[in-house]
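Subject: Handover of a structure, with notes

Dear colleague,

Please find the sequence and structure below. My notes on what was found follow directly after them, and I would be grateful if you read them with the structure open.

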Amino acid sequence: MSRALQVLLMVLFCSGLEAGAGAPPGETIEITRRYTPEDRRSGRYQYVPFDVPAHATSVRIEQAYDKAGGANAVDLGLMEPGSIDFGSRALRGWSGGARTEIVLTPGTASPGYRAGPLPAGRWHVILGLYKVAAQGIDVTLRITTGTGATTVRRWYAGDLHLHTVHSDGSFEPAQVLEMARASGLDFVAITDHNNTTHAVARPPDPDRKPLHIVGEEITTPGGHANVWGLKPGDWLDFRMAANDTRMIDVAAAAHARGALFSINHPVADCDACDWKQPTPERVDAIEVWNGGLGPQPGAIAIWDKLLAKGRRVTGVASSDWHRAPGYIGAGSVRVFAEALTEPAILDAVAAGAVVMMRDPASPPPVVTVTSAGRTAGTGETLEISPGAELDVHVSIPAFTSPGLGACPASCTVELSWNGDSATTHPAADGTVRVRRAGGNGYLRVAVRSGTTIVALTNPVYVTVK
Ligand SMILES: [Zn+2]
Ligand SMILES: [Zn+2]
């Protein structure tokens, strides 16, 4: 038997949604258990009970312990109410040593766990004592059960700019969707030039991954714009010259349909691809990263000009994929959304809860800015007092973008303020903490592997009140 240290504290967790794997507000308990090598010999699997109240909408479990340079390793699993005896059907999931945080809701679950109803009663965290150092180990579990109506947000990976045989791409829509699924993307927008017939050929199926958002690339001699969220077969007119004020009407028509409007590759060097149209009052996004080349300084300069005017336009990365070479998702976006549905994804894109990434599979850096107990993440606004400083926290998960060195070990983090004054920090063990001056403006984070940008966040906005 292990010696149990008792439940340490019970606090009301009222910070709301956090930037990260979020959970709704709820009750949090923290439990620390101590295990010895003898415990490991007598019981490889240890069970830590906790209670889930009626009408729970989320269960979040965070595990923390000292790995002691690899001498300690504790696996993680979960059982819902029911028998914990061998052969029980109450196993809710198992992630072994792959993750230290799991979140379950009726509609979503961390990999290795089942989504579904969260029955009230006694649950058990399973701790698998894979390795326990001679001096023993303290394992702390922080368990949050949410009962509010708030939904859980998480990061979804998507590519918002793809072509098929319905314009100048080489593959059928079904093939493009299958390749996107195989590359790990959660959603795509197919954006053929000046039509949406790809979606008539293969209507979106909301139950099938990747989520398929119907788009059109409005293609004019004065530049290209993507519209995301059209009905299959719908189209917006493209028959405009350069500097054509009717582009403003087209953007309004997109918004009237509930769709978003994005300026594509504004400084592309192909003939008539750069943006020479009037910029509509409402532009939801700008594609500052097109294809495998990474973010283009000229496109970022245009983006910064819009941001400097107080226009919160979302920066996006897309592959603009037609065929090899290159691949779907290089670049792509990570979107912090409430659900994998078209409205939720488009809402989060419009809100700027977006990180641009070089490849389709790597997880995004998570940025949190705090001042006087208030916190904001990517796309959010932090209100501060005059003269207040900002505590910036960047968490860089472990990933390797194709052909580059592994992050965080070989990566650096650049913080830029209002588009310049960048400071560079080693990503080291995956956490960067910087205190800096506040003020009205916006903070953006780039992660480089060597000299190549592998991730670029949208801003956290700061307002002095
Ligand atoms: Zn284009
Ligand atoms: Zn295109």
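I begin with helix α2, whose buried residues are covered by elements that include β11 (154-162), β12 (187-193), α3 (197-201) and β13 (211-220). Please keep in mind throughout that this is a predicted model.

Helix α2

Which residues of α2 are covered in this way? Helix α2 spans residues 173-182, and P173, V176, L177 and A180 are buried in it. When one looks down the axis of α2, these buried residues fall within an arc of 100°, so they line one face of the helix. A174 and A182, on the other side of α2, are exposed. After the helix comes G184, which has a positive phi near 95°.

Helix α6

A similar description can be given for helix α6, which runs over residues 342-351. Its buried residues are E342, I345, L346, A348 and V349. Viewed down the axis of α6, they fall within an arc of 160°, and therefore they line one face of this helix. Just after α6, G352 takes a positive phi of about 80°.

The sheet β4-β9-β6-β7

Before turning to the sheets, it may help to recall that strands of a sheet pair through backbone hydrogen bonds, and that this pairing is either parallel or antiparallel. An open sheet is formed by 4 strands in the order β4-β9-β6-β7, with antiparallel pairing. Which strands stand at its edges? They are β4 (45-52) and β7 (91-96); each has a single partner strand, so one side of each is left without a neighbour in the sheet. On average, neighbouring strands of this sheet are turned by 20° against each other, direction ignored.

Within this sheet, strand β6 (residues 73-79) pairs with strand β9 (residues 121-131) in the antiparallel sense, over 7 bridges. You can locate this pairing in the structure by finding L78, which stands opposite V125 in β9.

The sheet β21-β20-β23-β26

Another open sheet of 4 strands follows the order β21-β20-β23-β26, and its pairing is antiparallel. Its edges are occupied by β21 (374-377) and β26 (431-437); because each has a single partner strand, one side of each is left without a neighbour in the sheet. The twist from one strand to the next averages 20°.

The edge strand β21 pairs with strand β20 (residues 366-371) in the antiparallel sense over 4 bridges. Here T368 stands opposite G377 in β21. β20 and β21 form a hairpin with 2 residues between the strands, and in this hairpin A372 takes a positive phi near 50°.

The protein as a whole

How many helices and strands does the secondary structure of the protein comprise? There are 6 helices and 29 strands. Taken along the principal axes, the C-alpha atoms fill a box of roughly 80 × 55 × 40 Å. A compact globule with 465 residues would have a radius of gyration near 23 Å, and the value of 24 Å for the protein agrees with this.

Of the 465 residues, 44% count as buried. As for contacts between residues at least 6 apart in sequence, 67% join residues that are at least 24 apart.

I suggest going through the notes in the order given, with each element selected in the structure in turn.

Yours sincerely,
A colleague

Note on methods
Residues numbered from 1 in each chain as written. Chains lettered and ligands numbered in written order. Predicted model: local features only at pLDDT ≥ 70, side-chain atom pairs only at ≥ 80, totals over all residues. Pairing = 2+ DSSP bridges. Axes fitted to C-alpha atoms, helices over the stretch in contact; angles between N-to-C directions. Rg over C-alpha atoms; globule rule 2.2 N^0.38 Å. Buried ≥ 20, exposed ≤ 12 C-beta atoms within 10 Å, placed from the backbone. Contact = placed C-beta atoms within 7 Å. Arc of directions from axis to C-beta.
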